[in-house]
Amino acid sequence: MRFRVTLALTATAIAGCTGQLGDRDSSQPGGDGDGGVTLPDGTESVSLLPARIRRLTNAEYAASARALTRTAADPSGSFTPDSRQDGYTVNDAQRVDPVLAKQLAASAEALAAEVKGKLAEFAPCADQGAQAESCATDFIKSFGGRAYRRPLDTPEIDALLTVYRVGAKGATYADGIELIARAVLQSAGFLYLTEIGDGSTGATLALTPHELASSLSYLITAGPPDDALLAAATTGALSTPEGRETEVRRLLQTSAARDRIVRVVREWLGIDRIAMTAKDSNVYGEFASVRPSMELETEAFVNEVLSNATGTVGELLGADWSVLDEPLKGFYGAPGVGRVSLSNRRGILNQGAFLAVHAHATETAPVLRGVTVLRRVTCVDIPSPTELNINVVPPVPDPSKTTRERFSIHSTDAECRSCHNSIDPFGFSFEQFDGMGKLRDKVDGHLVDNGHPVDSAVTVAMGADIDGAYADSNALAQALSTSKMVRSCFARQVFRASAGRSGKSAAESEDSFVRAWEAAPEAEQGKIVETLVSYVKSSLFSHRRPQ
């Protein structure tokens with residue numbers, strides 16, 4: 001017997017699911033029944049992010065569904081891509097539109113069928129006649145509790161028991177269990193994370209213990225809290241910065257945490273798009289064969305920085321080594337595979353993934369590369385031509401000129417000069433590499449573009465600690481790797497990727513975090529792990545302000 005479950009996942013429907021959207025037990029540790037809390041680190045309530053809910057990203061959904069149903073499939077593989085804020089998939093702008101609602105329903109149906117097929121594992125019942133409802137209640141508490149990442153309350157249990165009765169009526173115990181699973185997997189309690197506290201009123205709201213556990217787990221591992229983290233929530237250990245730090249450092253030892261950091265780095269620089277990047281095969285015939293290796297290089301490099309190097313943003317940007325496979329060894333002209341010295345490709349900005357993503361199908365893109373470094377690595381907010389009401393006409397192809405010579409025209413235009421005086425030095429520094437990230441061909445000892453010698457020398461003059469003359473992007477990468485401005489920018493990027501909000505609406509929160517980060521010892525400031533720990537320990541993580 002087949003059943004159809006239709007859920008209206010609209011803002012109105014979600015708002016009505018108060019039982020699913022928050023742990024409302026103010027008697028638990030961390031509750032604030034007297035109407036507000038005092039922030040221990042002196043954070044002002046105006047700096048807090050607003051109370052909110054956010055939808056799981058596709059990656060978070062997949063990790064949650066796997067943990068819940070133990071499926072070997074990719075539950076979100078066919079979903080529409082996540083929306084992004086400032087380049088990051090974790091954000092509170094994620095919505096469920098009609099297309100995604102259908103995809104969620106199809107995924108829930110497939111996963112529920114797997115649960116039904118493993119009934120003895122998920123919902124054993126010795127007597128599926130007289131004891132059926134008792135067994136179903138036990139399943140609701142265990143499966144539903146893991147799905148909602150907190151204990152279910154009585155109304156929620158009763159509601160899902162009604163679902164069971166609908167599914168089992170005129171059918172079987174297994175059919176009822178399957179319908180429960182389908183309902184849970186499409187519920188707001190599973191699909192959304194809440195940051196709304198226990199319902200208290202006041203200038204600030206403390207997240208509940210289970211909200212803290214979920215927020216911490218998804219921040220560090222992009223998946224649901226494990227048993228140890230839930231136990232810490234139950235004891236109230238997560239209500240203190242020290243308790244949260246203990247759990248963060250434990251979780252950071254897991255492969256899931258390393259995968260999450262790799263994803264953040266990729267989204268930070270936009271290189272998560274490498275798998276979808278295409279080139280004209282007539283111009284860059286090698287690209288399709290080395291693209292998978294470029295994707296692997298990023299993962300292996302970031303993991304090596306975290307595990308066997310300094311673990312700093314400086315190392316990410318200035319390392320004179322990388323981790324290569326056989327195809328990339330040949331492409332780079334490297335001396336070997338594995339961790340190898342690459343003095344002519346310093347850091348992640350000189351690796352194939354960054355160079356290929358920020359280029360065109362047939363040529364390099366100095367503007368794309370320059371703007372990306374300015375915005376993402378130095379946090380200089382360069383406006384787009386659209387914002388300035390400027391109609392950009394790309395330089396016409398000219399085989400008698402290098403790419404740099406063609407694009408230098410921007411700095412001679414009165415409308416474009418002010419921005420391109422900042423953009424071009426960063427973009428032109430990479431011109432020794434072509435549009436797929438390969439070192440350009442040499443003729444008579446010189447790298448050439450259109451048969452003419454390439455000029456990658458630049459001078460940066462922006463009134464910052466990276467000002468200076470540089471021979472190429474390798475020399476510039478070394479300067480970026482030791483820059484205090486860059487370290488501060490990276491802290492901002494970690495906040496944006498972690499908090500799920502950026503721009504003017506989060507400016508107070510971001511500035512507050514950076515001030516707290518600056519108070520840490522300078523030796524700790526550039527460390528990726530320590531920056532994450534600083535955020536989790538802060539009141540910006542554990543508290544919200546009312547809407």
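# A guided tour of the model

This structure holds 32 salt bridges. It is a predicted model, and we will walk through it one selection at a time. A little background first: side chains of opposite charge can pair when their charged atoms come close.

**Stop 1: R52 and D92.** Select these two residues and show their side chains. They meet in a salt bridge, with 2.8 Å from N to O. R52 lies in strand β1 (residues 52-55) and D92 in the loop between α3 and α4, so this pair ties together parts that are 40 residues apart in sequence. Are the two partners buried or exposed? R52 is buried, with a relative accessible area of 7%, and D92 is buried too, at 9%.

**Stop 2: K116 and E178.** Next, select K116 and E178, which form a salt bridge whose closest N and O atoms are 3.5 Å apart. Colour helix α4 and helix α8 (residues 173-185) while you are here: K116 sits in α4 and E178 in α8, so the pair ties together parts that are 62 residues apart in sequence. K116 counts as partly exposed, at 29% relative accessibility, whereas E178 is buried, with a relative accessible area of 6%.

**Stop 3: R404 and D455.** Move on to R404 and D455, another salt bridge, where the closest N and O atoms are 3.7 Å apart. This pair links distant parts of the chain, 51 residues apart: R404 is in helix α19, and D455 is in the loop between β8 (452-453) and β9 (458-460). Why does R404 count as buried? Its relative accessibility is 19%, and buried means under 20%. D455 is partly exposed, with a relative accessible area of 39%.

**Stop 4: a network.** Now select D86, R376, R492, R496, E510 and D511 together. Salt bridges that share partners join these residues into one network.

**Stop 5: helix α13.** Select residues 255-269 to see helix α13, which has 15 residues. How far does α13 reach from its first C-alpha to its last? It reaches 22 Å, close to the 21 Å expected at 1.5 Å a residue. Try showing its buried residues, among them A257, I261, V265 and L269. Charged names appear in that buried list as well, including R260, R266 and E267. Just after the helix comes G270, whose phi is positive, near 75 degrees.

**Stop 6: where α13 meets α22.** Keep α13 on screen and add helix α22 (residues 484-499). Two packed helices are described by the angle between their axes and the distance between the axes. Here the axes come within 11 Å and cross at roughly 115 degrees. The two helices α13 and α22 are therefore roughly perpendicular to each other, and their crossing is right-handed. Which residues meet there? R260, V264 and W268 in α13 meet F490, Q493, A497 and S498 in α22. The three from α13 are also on its list of buried residues.

**Stop 7: two unusual backbones.** Most residues other than glycine have a negative phi. Select R70, in the loop between α3 (58-69) and α4 (98-117). Its phi is positive, near 60 degrees, although R70 is a residue other than glycine. R70 is partly exposed, with a relative accessible area of 42%. Finally, select C379, in the loop between α18 (366-377) and α19 (403-407). C379 is not a glycine, and its phi is positive, about 60 degrees. C379 is partly exposed, with a relative accessible area of 24%.

How values were computed:
Residues numbered from 1 in each chain as written. Predicted model: local features only at pLDDT ≥ 70, side-chain atom pairs only at ≥ 80, totals over all residues. Heavy atoms only, no water. Helix = DSSP H or I, 4+ residues; strand = E, 2+ residues; numbered from the N terminus. Expected span 1.5 Å × (residues − 1). Buried < 20%, exposed > 50% of the residue type's maximum accessible area, 1.4 Å probe, protein only. Salt bridge = Lys/Arg side-chain N within 4 Å of Asp/Glu carboxyl O. Axes fitted to C-alpha atoms, helices over the stretch in contact; angles between N-to-C directions. Parallel < 35°, antiparallel > 145°, perpendicular 65-115°, else oblique. Left-handed = near helix turned anticlockwise from the far one by under 90°. Contact = heavy atoms within 4.5 Å.
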